[in-house]
Amino acid sequence: MKACVFTLGCKMNEVESESLMSGLTSLGFEVTDELCQADLYLLNTCAVTAEAERKSRQAVARMRKFNENAPVLVCGCASHLHPQSFLEREGVTVVTGAQKKDKILSLLKEKGFFPETDERMFCEMPPPKRTKTRAFLRIQDGCNRFCSYCIIPYLRGRTRSRSVESILDEAKKCGAKEIVLTGIDISSYQDGEVDLPALLKKLKEVPARIRLGSLEAGVVTEGLLSAMKDAGNVMPHFHLSMQSGSNAVLKKMNRKYTREEFLLRCKQIYEAFPTAAITTDLIVGFPTETEEDFQDTLSAVDEAGFSHVHAFPFSPREGTVAAKMKDLPSAVKKERMARLTAIATAQEEKYLSAQVGRQAIALFEEEGGYTENYVRVYADGAKEGGLYRVRLGQREKDGLRAEILEELV
Ligand code: SF4
C-alpha cells in the first residue's frame with residue numbers, strides 16, 4: 001500500500017509530516033511526499049494566508065486526479081480553521097485539525113477509533129525520517145502571544161513544551177551533525193525550571209551543531225547569549241521576527257516590544273557574536289500602517305543590519321483582531337513591498353560582501369552547505385554530511401563560493 005503525505009506551510013508542518021511519514025512507514029506503507037498515484041493521501045494544510053488555505057483545499061482535488069477512490073485524511077491549520085470546507089469535499093474521510101496530527105496514525109491502526117487529546121500536553125510523535133546531516137527537532141507547540149494578525153494561537157492552542165528528557169533522548173539518537181530546534185514559539189519553552197537558555201546548556205552534551213528556530217526579541221537576554229557562548233555548539237544565527245519598525249504599528253499588532261528594544265537586542269547580539277546573522281520577518285501594509293510608519297520600518301531594517309529579510313504583504317485572516325480593521329489598497333501594499341525588497345536585497349548583498357575572505361566552518365548537504373552564521377556556500381569536492389573549514393569567496397547563486405581548507409571530524 002502506498003501513502004502520499006503532502007504538506008503546505010511552515011517548517012513545523014514539514015517536521016510533523018516527516019514524523020507522520022515515519023509512522024506510516026512503520027505501519028507498513030510505502031511512503032512518498034510527492035503528489036502521485038497512491039492508495040491513501042494525507043494532507044497537512046496551512047492557514048497562514050488566504051492563499052495558503054486556498055492551495056490546501058485545491059490539493060484535495062489534485063490528489064483525486066491521481067486516484068479518486070483513495071481516502072484523503074486532512075490535518076493542519078486550514079482544516080482546523082474551516083473543517084467543513086474540507087469535510088464537504090469528495091474523498092475526504094477524516095479531518096483532525098492542527099492539534100491532533102498524531103491521532104491519524106492511531107486512527108489508521110485502530111480503524112476508526114479517534115480519542116480526544118489533552119491539548120495542553122505536548123503531542124509526542126515518531127521521530128521524523130532524517131538525514132545524518134541536519135535534523136529538525138520539535139521542542140514546543142502552540143502560542144500564547146495572540147499577535148492581532150495571527151490565527152495560529154486559535155488553531156494550534158496554548159503553548160506547551162516537550163520534556164527535556166525526551167528532547168535530549170531524540171537529540172542523542174538522531175545522529176545528525178546539526179539539529180534545528182523547532183516550534184511555533186520556542187522562546188516560550190519551559191519544562192519545569194528549564195527555560196530556553198537552560199535547555200541550551202543541557203544540549204551542550206550533544207555532539208552536534210545546534211541551531212535555533214524563530215525567536216521573539218524578548219528572549220534575547222544576557223542569559224540566552226551567555227548560555228549560547230558557554231555551550232559553544234549553538235550557531236550564531238538569530239531569526240528574530242520584527243514584523244514592523246513602527247511603534248504605533250507594533251502596538252496594533254500586539255507585539256510586546258518597541259522598535260528601540262528590538263534594535264537594542266540586535267546590538268547586543270552583534271556585541272556577543274560579531275559575525276552573527278540576524279534574519280527577520282516583516283509584514284508590509286498592516287491596516288493601520290501609514291507612510292510614516294512604513295518609513296520607520298525601512299530605517300529599522302537599515303539600522304538592524306539584517307542578513308536576510310522575509311517580507312510579505314498583510315493578508316487578513318478571518319477570526320483575528322486585525323481582520324476587522326480596514327485593509328489598505330493592494331496597490332499601496334505592492335508599492336511598499338517593492339521598496340522594502342530593494343532595501344533588503346541591498347542589505348543582504350552588503351552582508352555577504354562582508355563575509356568574503358573570512359574563514360568559516362561549513363556543514364555540507366546534498367547541494368552546498370551552511371556556515372555557522374547561515375551563509376550558503378558552494379565548494380568543489382565537498383561531500384554531503386562533511387564538515388569543513390573553508391575560506392569564503394565571491395558571490396555564487398544565493399550565497400558564496402568557498403574554498404575548502406581542511407576537513408573536520
Ligand atoms: S508569536 Fe505571534 S505571529 Fe507567532 S505564532 Fe504566536 S501569535 Fe502568531
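A nonpolar core is a set of buried Ala, Val, Leu, Ile, Met, Phe, Trp, Tyr and Cys residues joined through C-beta atoms within 7 Å. Keep that in mind for the first view, and remember throughout that this is a predicted model.

**Figure 1. Here are the nonpolar cores.** The largest one has 96 residues. Its members with the most contacts inside the core are Ala3, Val5, Tyr41, Leu42, Val220 and Ile278. Let's pick Val220: skipping neighbours within four places in sequence, Val220 is in contact with Leu215, Leu225, Phe238, Leu240, Arg265, Gln268 and Ile269. There is also a second, separate core of 15 residues, which includes Ala360, Ala362, Leu363 and Phe364. As background, nonpolar side chains in soluble globular proteins tend to be buried together.

**Figure 2. Strand 3 sits between two pairing partners, strand 1 and strand 4.** How many of the six residues of strand 3 are buried? Six of the six are, so strand 3 is largely enclosed by the rest of the structure. Leu40, Leu42 and Asn44 point one way from the strand, while Tyr41, Leu43 and Thr45 point the other way, and all are buried. Strand 1 pairs with strand 3 in the parallel sense over five bridges, and Phe6 has Leu43 of strand 3 as its bridge partner. Strand 4 also pairs with strand 3 in the parallel sense, again over five bridges; here, Asn44 is partnered by Cys75 in strand 4. In general, the strands of a sheet pair through backbone hydrogen bonds, either parallel or antiparallel.

**Figure 3. Helix 1 covers residues 11-26.** What span should its 16 residues have at 1.5 Å a residue? The expected span is 22 Å, and the end C-alpha atoms are 23 Å apart, so the two agree. Plenty to spot inside: the buried residues of helix 1 include Met12, Val15, Leu20, Met21 and Leu24, and also Asn13, Glu16 and Glu18. Just after the helix, Gly28 takes a positive phi of about 100 degrees.

**Figure 4. Helix 2 covers residues 50-66.** This one has 17 residues and reaches 25 Å from its first C-alpha to its last, close to the 24 Å expected at 1.5 Å a residue. Its residues Glu53, Ser56, Ala59, Val60 and Met63 are buried. What covers them? The cover includes strand 1 (2-7), strand 3 (40-45), strand 4 (72-76), helix 3 (77-81), helix 4 (83-87) and strand 5 (92-97).

**Figure 5. Strand 6 pairs with strand 9.** Strand 6 (residues 134-138) is mostly covered, with four of its five residues buried. Five bridges join it to strand 9 (residues 178-182), and the two run parallel. To find your way along the pair, look for Arg134, which stands opposite Glu178 in strand 9.

**Figure 6. Nine names to look for around the ligand:** Cys143, Arg145, Phe146, Cys147, Cys150, Ile152, Pro153, Ile184 and Asp185. Sorted by class, this shell has seven nonpolar, no polar and two charged residues. Phe146 deserves a second look: its phi is positive, about 50 degrees, although it is not a glycine. Most residues other than glycine have a negative phi. Phe146 lies in the loop between strand 7 (140-141) and helix 6 (152-156). Is Phe146 buried or exposed? With 12 other C-beta atoms within 10 Å, Phe146 is exposed.

**Figure 7. Gln243 and Ile283 touch each other.** Gln243 has a positive phi too, near 70 degrees, and is a residue other than glycine. Its place is in the loop between strand 13 (237-239) and helix 10 (247-252). Gln243 counts as buried, with 23 C-beta neighbours inside 10 Å. Ile283, in strand 14 (residues 277-284), is buried as well, with 23 other C-beta atoms within 10 Å. Not counting residues up to four places away in sequence, Ile283 touches Tyr149, Gln243, Ser244, Phe312 and Phe314. His310 is 27 residues from Ile283 in sequence, yet their C-alpha atoms are 8.8 Å apart in space.

**Figure 8. Five strands close into a barrel.** Follow the strands in the order 16-17-18-20-19; the pairing is mixed. Strand 16 (residues 359-364) and strand 19 (residues 387-396) pair in the antiparallel sense, over five bridges. Ala360 makes a handy landmark: it stands opposite Val390 in strand 19.

Methods:
Residues numbered from 1 in each chain as written. Predicted model: local features only at pLDDT ≥ 70, side-chain atom pairs only at ≥ 80, totals over all residues. Expected span 1.5 Å × (residues − 1). Buried ≥ 20, exposed ≤ 12 C-beta atoms within 10 Å, placed from the backbone. Contact = placed C-beta atoms within 7 Å. Near = placed C-beta within 6 Å. Nonpolar A, V, L, I, M, F, W, Y, C, P; charged D, E, K, R; others polar. Pairing = 2+ DSSP bridges.
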